[in-house]
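Work through the exercises below with the structure in view, and try each task before reading its solution.

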Amino acid sequence: MTETIAKYLTLGMFMWGISLSPALSSQVDCSRPVDQSPLVKKIIYFEVGQSGLSKEAQKKIDDLFDVVDGHPSLKICAIGQADKQGDPEANKKLSLKRAQSAKNYLIEKGIPNKRIETVFRGEAYGSFSLWGTGDKADEDRRVEVIAYSE
(Lines give C-alpha, C1' and ligand atoms only; values in the text may rest on other atoms or scores of the structure.)
Protein backbone atom coordinates (compact mmCIF):
# COMPACT_ATOMS: atom_id res chain seq x y z
CA MET A 1 0.00 0.00 0.00
CA THR A 2 2.81 2.43 0.93
CA GLU A 3 4.57 1.73 -2.38
CA THR A 4 1.36 2.50 -4.28
CA ILE A 5 0.93 5.82 -2.47
CA ALA A 6 4.57 6.73 -3.06
CA LYS A 7 4.23 5.82 -6.75
CA TYR A 8 1.17 8.06 -7.22
CA LEU A 9 2.71 10.86 -5.17
CA THR A 10 5.84 10.73 -7.35
CA LEU A 11 3.75 10.63 -10.54
CA GLY A 12 1.66 13.58 -9.34
CA MET A 13 4.75 15.59 -8.46
CA PHE A 14 6.17 14.85 -11.91
CA MET A 15 2.94 15.92 -13.64
CA TRP A 16 2.81 19.18 -11.68
CA GLY A 17 6.50 19.91 -12.24
CA ILE A 18 7.49 19.50 -8.61
CA SER A 19 10.86 17.96 -7.95
CA LEU A 20 12.63 16.96 -4.78
CA SER A 21 15.85 16.25 -6.64
CA PRO A 22 18.23 19.16 -7.29
CA ALA A 23 19.51 17.34 -10.38
CA LEU A 24 16.04 17.35 -11.94
CA SER A 25 15.29 20.97 -11.09
CA SER A 26 18.56 22.32 -12.47
CA GLN A 27 17.68 22.09 -16.16
CA VAL A 28 17.69 25.26 -18.21
CA ASP A 29 14.26 26.79 -18.69
CA CYS A 30 14.09 29.61 -21.22
CA SER A 31 10.29 29.67 -21.11
CA ARG A 32 10.30 31.98 -18.11
CA PRO A 33 11.28 35.60 -18.63
CA VAL A 34 14.98 35.21 -17.84
CA ASP A 35 15.77 38.62 -19.26
CA GLN A 36 14.02 40.27 -16.30
CA SER A 37 16.88 39.26 -13.99
CA PRO A 38 19.93 38.29 -16.04
CA LEU A 39 23.33 38.07 -14.51
CA VAL A 40 24.88 38.72 -17.92
CA LYS A 41 23.13 39.55 -21.18
CA LYS A 42 24.93 39.91 -24.50
CA ILE A 43 23.20 40.76 -27.76
CA ILE A 44 24.89 39.65 -30.95
CA TYR A 45 23.83 40.78 -34.39
CA PHE A 46 23.83 39.11 -37.80
CA GLU A 47 23.84 40.08 -41.45
CA VAL A 48 20.73 39.41 -43.56
CA GLY A 49 20.20 35.68 -44.04
CA GLN A 50 23.34 34.74 -42.07
CA SER A 51 23.77 32.56 -38.99
CA GLY A 52 27.56 32.53 -38.64
CA LEU A 53 29.20 34.40 -35.78
CA SER A 54 31.24 37.47 -36.61
CA LYS A 55 34.46 38.26 -34.72
CA GLU A 56 32.52 40.91 -32.78
CA ALA A 57 29.83 38.35 -31.84
CA GLN A 58 32.52 35.89 -30.72
CA LYS A 59 34.06 38.60 -28.53
CA LYS A 60 30.71 39.27 -26.83
CA ILE A 61 30.20 35.55 -26.18
CA ASP A 62 33.79 35.35 -24.88
CA ASP A 63 32.89 38.09 -22.37
CA LEU A 64 29.85 36.08 -21.23
CA PHE A 65 31.98 32.93 -21.02
CA ASP A 66 34.45 34.71 -18.73
CA VAL A 67 31.61 35.29 -16.25
CA VAL A 68 29.94 31.86 -16.39
CA ASP A 69 33.05 29.69 -16.60
CA GLY A 70 33.68 28.14 -13.23
CA HIS A 71 30.11 28.74 -12.05
CA PRO A 72 28.29 25.52 -12.94
CA SER A 73 25.03 26.67 -11.33
CA LEU A 74 24.57 29.40 -13.94
CA LYS A 75 22.25 28.60 -16.85
CA ILE A 76 22.40 30.10 -20.34
CA CYS A 77 19.64 30.86 -22.83
CA ALA A 78 20.41 31.71 -26.44
CA ILE A 79 17.31 33.32 -27.95
CA GLY A 80 17.46 33.64 -31.73
CA GLN A 81 15.50 36.15 -33.77
CA ALA A 82 15.21 37.31 -37.36
CA ASP A 83 13.90 40.41 -39.08
CA LYS A 84 10.60 40.46 -40.97
CA GLN A 85 12.13 40.22 -44.43
CA GLY A 86 11.27 37.07 -46.37
CA ASP A 87 9.27 33.97 -45.52
CA PRO A 88 8.17 33.66 -41.86
CA GLU A 89 8.92 29.90 -41.81
CA ALA A 90 12.40 30.46 -43.19
CA ASN A 91 12.91 33.15 -40.54
CA LYS A 92 12.03 30.65 -37.79
CA LYS A 93 14.68 28.25 -39.08
CA LEU A 94 17.20 31.05 -39.43
CA SER A 95 16.57 32.32 -35.90
CA LEU A 96 17.11 28.78 -34.55
CA LYS A 97 20.36 28.44 -36.53
CA ARG A 98 21.55 31.72 -35.06
CA ALA A 99 20.81 30.58 -31.51
CA GLN A 100 22.52 27.25 -32.20
CA SER A 101 25.61 29.08 -33.48
CA ALA A 102 25.94 30.88 -30.15
CA LYS A 103 25.32 27.64 -28.23
CA ASN A 104 27.88 25.69 -30.29
CA TYR A 105 30.48 28.39 -29.71
CA LEU A 106 29.95 28.17 -25.93
CA ILE A 107 30.17 24.37 -26.07
CA GLU A 108 33.46 24.62 -28.01
CA LYS A 109 34.76 26.86 -25.21
CA GLY A 110 33.87 24.21 -22.61
CA ILE A 111 30.35 24.98 -21.34
CA PRO A 112 28.39 21.71 -21.06
CA ASN A 113 25.47 21.29 -23.45
CA LYS A 114 23.04 20.69 -20.57
CA ARG A 115 23.59 24.25 -19.26
CA ILE A 116 22.50 25.93 -22.51
CA GLU A 117 19.07 26.07 -24.11
CA THR A 118 18.30 27.52 -27.51
CA VAL A 119 15.01 29.20 -28.22
CA PHE A 120 13.88 30.79 -31.44
CA ARG A 121 11.28 33.45 -31.95
CA GLY A 122 11.38 33.67 -35.73
CA GLU A 123 10.57 37.20 -36.72
CA ALA A 124 11.77 39.51 -34.01
CA TYR A 125 9.90 39.64 -30.78
CA GLY A 126 9.93 43.22 -29.58
CA SER A 127 10.77 44.23 -33.11
CA PHE A 128 12.69 47.46 -33.66
CA SER A 129 11.38 47.92 -37.19
CA LEU A 130 7.80 48.20 -38.33
CA TRP A 131 8.13 46.41 -41.67
CA GLY A 132 11.45 44.62 -41.21
CA THR A 133 13.40 47.04 -43.35
CA GLY A 134 15.46 50.16 -42.79
CA ASP A 135 18.14 50.95 -40.23
CA LYS A 136 16.28 49.41 -37.32
CA ALA A 137 15.93 46.00 -39.07
CA ASP A 138 19.61 45.41 -38.26
CA GLU A 139 18.67 45.25 -34.58
CA ASP A 140 16.02 42.59 -35.27
CA ARG A 141 18.63 40.12 -36.61
CA ARG A 142 20.00 39.07 -33.26
CA VAL A 143 20.58 36.47 -30.59
CA GLU A 144 20.23 37.40 -26.96
CA VAL A 145 22.61 35.26 -24.90
CA ILE A 146 21.55 35.41 -21.29
CA ALA A 147 23.24 33.89 -18.23
CA TYR A 148 21.10 33.64 -15.14
CA SER A 149 20.95 32.01 -11.76
CA GLU A 150 17.87 30.23 -10.49
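**Exercise 1.** State the volume of the second largest pocket and describe its lining.

Solution. The second largest pocket has a volume of about 200 Å³, where volume is the space filled by probe spheres set on grid points joined across faces, edges and corners. Its lining consists of 13 residues, and those closest to the centre are Tyr45, Phe46, Glu47, Ser54 and Glu56. A pocket here is an open set of points on a 1 Å grid over the protein atoms alone, where a 1.4 Å probe fits, with protein on both sides within 12 Å along at least five of seven lines, and lining residues have an atom within 4 Å of a point. By residue class, the lining divides into five nonpolar, three polar and five charged residues.

This is a predicted model, in which local features need pLDDT of at least 70 and side-chain atom pairs count only at pLDDT 80 or more, while totals for chains, interfaces and linings use all residues. Residues are numbered from 1 along each chain as its sequence is written, and side-chain values use heavy atoms, with hydrogens and water left out.

**Exercise 2.** Decide whether Arg141 is buried or exposed, and find its side-chain partner.

Solution. Arg141 lies in the loop between α5 (137–140) and β4 (142–148). Because its relative accessible area is 5%, Arg141 counts as buried (under 20%, with exposed being over 50%, for a 1.4 Å probe and protein chains only). The side chain of Arg141 makes a polar contact with that of Asp83 at 2.7 Å, a polar contact being a pair of N or O atoms within 3.5 Å, one able to donate a hydrogen and the other to accept it.

Definitions and conventions:
Helix = DSSP H or I, 4+ residues; strand = E, 2+ residues; numbered from the N terminus. Nonpolar A, V, L, I, M, F, W, Y, C, P; charged D, E, K, R; others polar.
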